[in-house]
Amino acid sequence: MNEPAPLREARAWVHGAGTLAVLTGAGMSAESGIATFRDAQTGLWAKFDPAQLASPEGFRTNPSLVWDWYAERRKGVQRALPNAGHVALAQYEKTHLGRVTIVTQNVDDLHQRAGSTDVIRLHGDILQDVWLDTGRCRPCDMSRAVPGSPPRCAACGNLVRPGVVWFGEMLPAEALSRAELLAQSCDAMLVIGTSGAVYPAAGLAHTARRAGAKVIILNPEPSEIDDEAHLLLRGTAARILPALLQ
Ligand code: BJW
């Protein structure tokens, strides 16, 4: 087959890795119709203000604006289907059991719906409801939430918010520590569809490289962490991954 040398080399590193870490960002789900954040024309931050919509301060200032924005995005996630890239990763995990872990910044569930089982979610789950400040409120439960925009807990009165990680919030500790250990111990890291602008997720590529892993970045555009890559694959997730993981 007449294919580019970087793709052949990347395939050899991926298949040769006893432990493969896959770090994914919004570009992974772009071909499923879910908008990225920072793409110049179509990214969410080209139209919306992250400080207003993706921060605890923004939510406290205007809870219904933020809730309604997330409600629309939830519908988009529920309508979306995994693309050929998600499917290729899930199939690869099945044939390389115990050797592949996905670390995703994405708040959608498309990796899981494609069949991937070992998925670390760094930025939470957009489809989950949690209580503001307290997370899961015991002994309250969501079935007793008073409907509204946003709903409130019937027992404690607390506001309900989407279960995502906003700017300035800590990442889930267990997920972050698993991801960091993986970055320190993997043989190869495949970084897909992230601008590399948001930390601590973006720092995982640096950690992996410093620990001796081969780092491959798949992105149609330059990213802020391209310097960490041993190999750059220029293309989209749904086009490149089926070829890379075959
Ligand atoms: C394709 C494609 C296709 C297109 N195929 N590719 C160190 C230095 C500086 C700042 C900080 C630091 N450590 C912490 C911070 C502060 C902050 C931060 O990083 N700020 C930077 C912006 C400067 N980080 C935080 O606040 C984090 N919390 C934290 O660290 O707590 C401790 C702490 C707090 C304060 C100070 C210090 C420490 C939390 C970050 C939470 C991020 N939350 C969001 C929103 C989630 C909820 C929601 O969905 O609404 O997460 S923001 C948004 O960005 C989202 C994403 O997961 C995240 C990353 O974006 P991603 O995935 O890279 O998407 P894009 O759009 O940027 O890029 C898409 C890419 O795909 C592009 O490159 C395209 O080319 C490509 N692409 N089509 C493949 N088809």
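1. Let's start with a term: two residues are in contact if their C-beta atoms, placed from the backbone, lie within 7 Å. With that in hand, look at Trp67, which sits in helix α6 (residues 63-79). Setting aside neighbours within four places in sequence, Trp67 is in contact with Ser149 and Pro150. Trp67 also has Leu53 at 8.8 Å, C-alpha to C-alpha, with their places 14 residues apart in sequence.

2. Some ground rules before going on. This is a predicted model, where local features need pLDDT of at least 70, side-chain atom pairs count only at pLDDT 80 or more, and totals for chains, interfaces and linings use all residues. Residues are numbered from 1 along each chain as its sequence is written.

3. Now the overall picture. The protein has 11 helices and 10 strands; these are DSSP runs numbered from the N terminus, with helices being H or I of at least four residues and strands being E of at least two. The radius of gyration is 19 Å, close to the 18 Å that the globule rule gives for 246 residues, so the protein is as compact as a globular protein of that length. (That radius is taken over C-alpha atoms, and the globule rule is 2.2 Å times the number of residues to the power 0.38.) If you box up the C-alpha atoms along the principal axes, you need roughly 60 × 35 × 30 Å.

4. How much of the protein is buried? Of its 246 residues, 38% count as buried. The cut-offs go like this: a residue is buried if 20 or more other C-beta atoms lie within 10 Å of its own, exposed if 12 or fewer, and partly exposed in between, with C-beta atoms placed from the backbone. As for contacts between residues at least 6 apart in sequence, 65% of them join residues at least 24 apart.

5. Next, the domains. The assignment gives domain 1 (1-34 + 81-123 + 171-246) and domain 2 (43-79 + 126-164); bounds of this kind come from an automatic or database domain assignment. The C-alpha centres of the two domains lie 28 Å apart. Where they meet, 5 residues of domain 1 are in contact with 5 residues of domain 2. On the domain 1 side, the touching residues divide into 2 nonpolar, 1 polar and 2 charged. Here Ala, Val, Leu, Ile, Met, Phe, Trp, Tyr, Cys and Pro count as nonpolar, Asp, Glu, Lys and Arg as charged, and the others, Gly among them, as polar.

6. Which residues are closest to the ligand? They are Gly25, Gly27, Gln105, Gly193 and Ser195, out of 36 residues that surround the ligand. (A residue is near a molecule if its C-beta atom, placed from the backbone, lies within 6 Å of it.) This shell divides into 18 nonpolar, 13 polar and 5 charged residues. Both domains chip in, with at least three shell residues from each of domain 1 and domain 2.

7. Thr194 is worth a click too. You'll find Thr194 in the loop between β8 and α10. Why does Thr194 count as buried? Because there are 29 other C-beta atoms within 10 Å. Leaving aside neighbours within four places in sequence, Thr194 is in contact with Leu23, Gly25, Gly27, Gln105 and Ser223. Met28 is 166 residues from Thr194 in sequence, yet their C-alpha atoms are 8.0 Å apart.

8. Helix α7 (residues 84-95) spans 17 Å from its first C-alpha to its last over 12 residues, close to the expected 16 Å. (The expected span is 1.5 Å times one less than the number of residues.) Its buried residues include Gly85, Val87, Leu89 and Tyr92. The buried residues of α7 pack against β1 (20-24), α2 (27-30), β2 (100-104), α8 (110-114) and α11 (237-244). Lys94 is in α7 as well, but Lys94 is exposed, with 11 other C-beta atoms within 10 Å.

9. Finally, two cis bonds. Most peptide bonds are trans. A cis peptide bond joins Ser149 and Pro150, with omega about 0 degrees, and Pro150 lies in the loop between β5 (145-146) and β6 (152-153). The bond from Tyr199 to Pro200 is cis too, with omega near 10 degrees; Pro200 is in the loop between β8 (188-192) and α10 (203-210).
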